[in-house]
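This report is a short tour for a reader who has not met the structure before. Please keep the sequence and the model in view while reading.

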Amino acid sequence: MSAAAPDIPPRLVEELRAARHVVALTGSGVSAESGVPTFREAQTGLWERYDPQQLATPEAFLRDPRLVWEWYSWRRRLVGGAEPNAGHRALAALERLVPSFTLVTQNVDGLHGRAGSRNVTELHGNITRTVCSAERVAVEPEDTDEPPPVCPGCGAPLRPDVVWFGEMLPAGAMELASEAARNSDVFFSIGTSSLVYPAASLPHEALAGGATLVEVNAGPTPLTPRADHVLQGRAGEVLPALVEALRGEI
Ligand code: APR
């Protein structure tokens, strides 16, 4: 065991070995080590004067579609240049080590899928997909010097296929995530500040269903006092150590 490897409680390894249903809820902290800024981190570069919660809303898009489109284009370029990190890869490995694994993510960067995770529910959509703002069907955006591009079918402006504040989550996503949480034996909350609902209700549903709650985070959150195991540290270090302990490689 390398001296730097985070400590994984033996009791957690035993619980994981006995678990049938494992669920992981992830937030932007799991992508931080891929160079994708977390949501509430100070915005870097051009956008530091904007509050993201003022950009990721239908009202902002109606008010200034060009600004919102360009903010997402900046984020899309950022994500396009990012690679899955060891934390993403560890979750893809964990999926193959337990009988049933459900990954629920608040992230819109698509990095879990690129890391090899198969059963992924994207609660807040995916920034790499573009849809018609009127018909909500996927559209490949054309380059234009008057952004946002418009739908070739109906002429409405295109928008990123993400959930904005005040909007409904994708149909069925929350129901699927809630059922998985309620039926989970071990529930991981990873790299999320646990501030945004309804996603933040999932760990509490898991606890109500009798699950063991594990929090993996660089720091404390409002959920920390409820967790059975608190693994404080970077997801890119803690999650690989967890998988190694589960495989019995330590
Ligand atoms: N490893 C683990 N945790 C980390 C790391 C890391 N390397 N870096 C940061 N964190 C933690 C922070 O301590 C924080 O608790 O990740 C969390 C990031 O929190 P937020 O920035 O609030 O992001 P998130 O929880 O994903 O936000 C939820 O809110 O704004 C909406 O739709 C947006 O999906 C987002 C949702």
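The model is predicted. The account begins with the pocket linings. By class, the lining of the largest pocket is made up of 24 nonpolar, 15 polar and 6 charged residues. The volume of this pocket is about 900 Å³. Its lining has 45 residues, and the closest to the pocket centre are Ser-28, Phe-39, Arg-40, Gln-106 and Asn-107.

The second largest pocket has a volume of about 170 Å³. Its lining consists of Glu-122, Gly-125, Arg-129, Arg-136, Asp-161, Val-162, Val-163, Glu-167, Met-168 and Pro-170. By class, these are 4 nonpolar, 1 polar and 5 charged residues.

The table sets out the two pockets.

| Pocket | Volume | Nonpolar lining | Polar lining | Charged lining |
|---|---|---|---|---|
| Largest pocket | about 900 Å³ | 24 residues | 15 residues | 6 residues |
| Second largest pocket | about 170 Å³ | 4 residues | 1 residue | 5 residues |

**Domains**

The protein chain is divided into domain 1 (10–35 + 83–124 + 168–247) and domain 2 (37–81 + 127–162). Their contact takes 13 residues from domain 1 and 13 residues from domain 2. Taken over C-alpha atoms, the centres of domain 1 and domain 2 are separated by 27 Å.

The pockets can be placed against this division. The lining of the largest pocket takes at least three residues from each of domain 1 and domain 2. For the second largest pocket, the lining likewise draws at least three residues from each of domain 1 and domain 2.

**Helix 4 and the pocket linings**

Which element gives the most to the lining of the largest pocket? Helix 4 does, with 6 residues. Helix 4 (65–80) and strand 7 (212–217) each supply at least two residues of that lining. In the second largest pocket, strand 4 (125–132) and strand 5 (158–162) each supply at least two lining residues.

Helix 4 has 16 residues. From its first C-alpha to its last, helix 4 reaches 22 Å, close to the 22 Å expected at 1.5 Å a residue. Its buried residues are Leu-67, Val-68, Trp-69, Trp-71, Tyr-72, Ser-73, Trp-74, Arg-75, Arg-76 and Val-79. These buried residues pack against helix 2 (52–55), helix 3 (58–63), helix 6 (111–115), strand 4 and strand 5. Strand 4 and strand 5 thus appear again, having also supplied residues to the lining of the second largest pocket.

**Helix 5 and the loop after it**

Is helix 5 enclosed or exposed? Of the 10 residues of helix 5 (residues 86–95), 8 are buried, so the helix is largely enclosed by the rest of the structure. The buried residues are Gly-87, His-88, Ala-90, Leu-91, Ala-92, Ala-93, Leu-94 and Glu-95. They pack against strand 1 (21–26), strand 2 (100–105), helix 6, strand 6 (186–190) and helix 9 (235–247). Helix 6 is also among the elements that the buried residues of helix 4 pack against.

Pro-99 is found in the loop between helix 5 and strand 2. Pro-99 counts as exposed because its relative accessibility is 52%, and exposed means over 50%. Not counting residues up to four places away in sequence, Pro-99 touches Ala-19 and Arg-20. Pro-99 and Arg-20 are 79 residues apart in sequence, and 5.3 Å apart in space from C-alpha to C-alpha.

Technical notes:
Residues are numbered from 1 along each chain as its sequence is written. This is a predicted model: local features need pLDDT of at least 70, side-chain atom pairs count only at pLDDT 80 or more; totals for chains, interfaces and linings use all residues. Side-chain values use heavy atoms; hydrogens and water are left out. On a 1 Å grid over the protein atoms alone, a cavity is a set of points where a 1.4 Å probe fits but cannot get out, and a pocket is an open set with protein on both sides within 12 Å along at least five of seven lines; lining residues have an atom within 4 Å of a point. Grid points are joined across faces, edges and corners, and a volume is the space filled by probe spheres set on the points. Helices (H or I, at least four residues) and strands (E, at least two) are DSSP runs, numbered from the N terminus. Ala, Val, Leu, Ile, Met, Phe, Trp, Tyr, Cys and Pro count as nonpolar, Asp, Glu, Lys and Arg as charged, and the others, Gly among them, as polar. Domain bounds come from an automatic or database domain assignment. The expected span of a helix is 1.5 Å times one less than its number of residues. Buried means under 20% relative accessible area, exposed over 50%, partly exposed in between (1.4 Å probe, protein chains only). Contact means heavy atoms within 4.5 Å.
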